[in-house]
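Student: I would like a close look at one part of this structure. Please take me through a single strand and what lies around it.

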Amino acid sequence: MDSNLIRCKRVTKEDYEKVMAIFPPSEIYNGGDSLPDYFHMLIDMPNNEMYAAVIGDKFVGFTLMTTVDDGRSIVTRLVRVSKEYAGKGIAGIMLKWMDIGEPIYRPEVIWHKITGNRTHSPLLQLINKGTYNKISEQDFVVYDTHKRTLEIKYNVIENENQSLKAEYIDVNLLGQVLASTDHKHYLFPEDEIVADYVPYRAIKSNAPLIVSIRTAVVVSDLSCPQRTLLSISNCFQAPIGMVFIFNVYGCLSENIKEHLILHFAKFLCRPMSEYIVLRGISIKGTSWTFLDSAVEEFGFKRTESYGTGVVSVRRRIKNKL
């Protein structure tokens with residue numbers, strides 16, 4: 001498609017319905033689309049910008065751009081194109097909008113990053129073509145349950161575990177962990193941390209960007225880096241039900257149950273649907289034995305319908321040397 005036919009428009013809160021009309025959210029990610037619930041939270045965050053591809057007065061494409069890594073990287077998230085214009089190159093046009101001479105180009109940005117589903121994403125093809133380079137790869141497992149089941153199981157388990165070694169940490173302490181050479185070696189060996197599907201460099205300045213109003217961060221054994229476990233959770237209401245994203249870094253062992261207790265304490269106080277999906281995400285090659293056992297106690301069962309992992313890639317912005 002001729003890019004001259006497409007206008008790039010900065011999306012505002014008033015454009016919510018137009019954005020949602022681009023593609024039915026119930027048909028995205030097997031009903032696990034976060035955008036309907038996340039839209040207003042994300043648009044209020046200073047490092048996020050939303051853009052629409054417009055033909056005439058119709059929104060035919062959408063992309064969310066998140067700036068990370070001290071302003072040196074832009075992450076493309078939640079891309080969608082209307083069925084009417086699928087396969088006509090609109091997604092590719094939007095991906096190039098940050099290149100020199102394009103609508104959202106800025107000279108300080110060096111890298112363009114994307115994270116996608118390893119099973120269903122075209123990113124692996126882009127890696128094979130040399131368009132993007134892989135920067136990290138994570139496995140994930142998916143479990144599901146019902147609200148009432150989780151509430152009952154949680155109350156029993158929480159009452160049996162009154163003394164927890166795991167603890168919540170705030171943005172400042174998360175920043176210290178990201179800056180710690182000792183902890184990086186065990187927690188972030190690729191020098192990347194992917195939280196809520198956004199790839200960040202493991203640097204202190206990214207901590208305030210990782211933590212949103214939906215985020216909880218829990219650690220245990222912080223004084224012993226080789227045994228430290230750090231977990232980050234986010235949640236959103238999707239068409240399929242409530243989705244709970246659980247990123248885990250470090251020593252995945254029996255202490256994972258304490259982390260779940262603290263994360264669920266934050267999660268259960270929110271309004272939620274009857275059906276709940278939990279996505280556990282960790283580094284490639286993770287053994288899920290301890291998490292399998294822990295979530296089973298909370299009433300979750302494995303489901304295999306969402307793929308097997310995520311891959312994060314990057315490319316240098318065009319004409320940046």
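Tutor: Here is a walk through strand S15, followed by two other parts of the chain. Keep in mind that this is a predicted model.

Start with the strand itself. S15 covers residues 309–316. Is S15 largely enclosed or not? Count the buried residues. Buried means under 20% relative accessible area. In S15, 6 of the 8 residues are buried, so the strand is largely enclosed by the rest of the structure.

Now look at the strands that pair with S15. One is strand S5, residues 111–117. S5 and S15 run antiparallel, with 7 bridges between them. Pick out one bridge: isoleucine 114 has valine 313 of S15 as its partner. Another pairing strand is S6, residues 133–146. S6 is also antiparallel to S15, and 6 bridges join the two. Here, glutamate 137 has valine 311 of S15 as its bridge partner.

Next, turn to serine 223. This residue sits in the loop between strand S10 (216–220) and strand S11 (229–238). Is serine 223 buried or exposed? Exposed means over 50% relative accessible area. Serine 223 has 76%, so it is exposed. How far is serine 223 from arginine 316? Their C-alpha atoms are 37 Å apart, and 93 residues separate them along the chain.

Last, a record. An unreviewed UniProt entry places the feature "domain: N-acetyltransferase" at residues 24–97. In the model, that span is 20% helix and 38% strand. The C-alpha atoms at its two ends lie 24 Å apart.

Notes: Residues numbered from 1 in each chain as written. Predicted model: local features only at pLDDT ≥ 70, side-chain atom pairs only at ≥ 80, totals over all residues. Heavy atoms only, no water. Buried < 20%, exposed > 50% of the residue type's maximum accessible area, 1.4 Å probe, protein only. Helix = DSSP H or I, 4+ residues; strand = E, 2+ residues; numbered from the N terminus. Pairing = 2+ DSSP bridges. UniProt positions renumbered as here; feature names shortened; annotations may be inferred.
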